[in-house]
Amino acid sequence: MLTVEIDEGSGFCFGVTTAIRKAEEELSADGSLYCLGDIVHNGSECERLHALGLHTIDHTALEQLHKTKVLLRAHGEPPETYRTAERNSIEIVDATCPVVLQLQRRIRKVYTENHPPQIVIYGKRGHAEVLGLVGQTDGEAHVIECLEEAACLDFSRDICLFSQTTKPLEGFRCIVEYITSHIHPPATFRYYDTICRQVANRLPNIRTFAARHDVVIFVCGLKSSNGRVLYEACRQVNPRSHMVDTPSAILPEWFDKTTKSIGVCGATSTPKWLMEDCKDTILHIAEEKKTNEEKNSRK
């Protein structure tokens, strides 16, 4: 008997849930709303909201807008975005995640100290959240993506380390250890663990989930950085893990007669309804396989 389980811990994090709720409320009232960047790194969810009237724009388009509403997604934005909105009489619907907002304020506070240190952000270059964080320092913060890049820092100067909220906790700890062992007194080193635990705790949980199934279907948008990290965690404990962005990407050959248990899980940007659709597709594939086997057995 085949069982298909959806991971209860997968799906939207608090910040994304709030952003989508705000978008739906505005769309319900006005029927149309602009959003600066994809509201979530999931094409299927973006298409659903687009059908309701959500229009995705970039920063160049923002410059051309006047006297309208624009939603800022959970990732957050640099101060320049707010200045543009003020100049153009744009009403901001601010859906910045509270965890990201607190991080932005911390970075700004350190940057405006009398003698600011080197501000270092452990994160992905070009990521929307990281652009917002670097913006708090007028572009002066150093972004490092891995332990090896920490070697390029000036250890004779004070250093203050922060992290993108969705980075792996293990990577952050390794960088802390490296800087601690290389800093040259009297230079000082401060660090702030700003990783969102709602996201970080998903790594051990999803490993446990993946390990107890024969096959794992990991559902996420192709742009999701968080999804890549979580998928790799699944694949490390279960080689029969497959990443898909839509139900149509699920292939029948991934399941054979030995497959008794299938797990469906996803990123913090994956909607529950999409995982449900994937479950339905898997069950449909299984039913077709069973029907074909019965036909072949009667021949």
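**Exercises: charged side chains**

Glutamate 80 has a relative accessible area of 35%, so it counts as partly exposed. The model is predicted.

**Exercise 1.** Find the salt-bridge partner of glutamate 80 and place both residues in the secondary structure.

*Solution.*
- Step 1. The partner is arginine 83; the closest N and O atoms are 3.0 Å apart.
- Step 2. The cut-off for a salt bridge is 4 Å, so this pair passes.
- Step 3. Both residues sit in helix H4 (residues 79-87), three residues apart, or about one turn of the helix.
- Step 4. Arginine 83 is partly exposed, because its relative accessibility is 42%.
- Step 5. Look further: Glu80 and Arg83 belong to a network of salt bridges with Glu63 and Arg87.

**Exercise 2.** Work out which parts of the chain arginine 190 and glutamate 113 link.

*Solution.*
- Step 1. The two residues form a salt bridge, with the closest N and O atoms 3.1 Å apart.
- Step 2. Arginine 190 lies in strand E9 (residues 189-191). Glutamate 113 lies in the loop between H5 and strand E6 (118-122).
- Step 3. They are 77 residues apart, so the pair links distant parts of the chain.
- Step 4. Now check exposure. Arginine 190 is partly exposed at 29% relative accessibility. Glutamate 113 is partly exposed at 29% too.

**Exercise 3.** Locate glutamate 293 and describe its surroundings on the surface.

*Solution.*
- Step 1. Glutamate 293 is in helix H11 (residues 272-298).
- Step 2. Its relative accessibility is 41%, so it counts as partly exposed.
- Step 3. Glu293 gathers with Glu287, Glu288 and Glu294 in a surface patch of negative charge.

Conventions: Residues are numbered from 1 along each chain as its sequence is written. This is a predicted model: local features need pLDDT of at least 70, side-chain atom pairs count only at pLDDT 80 or more; totals for chains, interfaces and linings use all residues. Side-chain values use heavy atoms; hydrogens and water are left out. Patches are made of residues with over 30% relative accessible area and no salt bridge: like charges are joined within 9 Å, nonpolar side chains (Val, Leu, Ile, Met, Phe, Trp, Tyr) within 5 Å. Accessible areas come from the Shrake-Rupley method with a 1.4 Å probe; for residues, only the protein chains shown count as cover. A salt bridge is a side-chain nitrogen of Lys or Arg within 4 Å of a carboxyl oxygen of Asp or Glu. Lys and Arg count as positive and Asp and Glu as negative; His and the chain ends are not counted. The place of a charge is taken as NZ of Lys, CZ of Arg, CG of Asp or CD of Glu. Helices (H or I, at least four residues) and strands (E, at least two) are DSSP runs, numbered from the N terminus. Buried means under 20% relative accessible area, exposed over 50%, partly exposed in between (1.4 Å probe, protein chains only).
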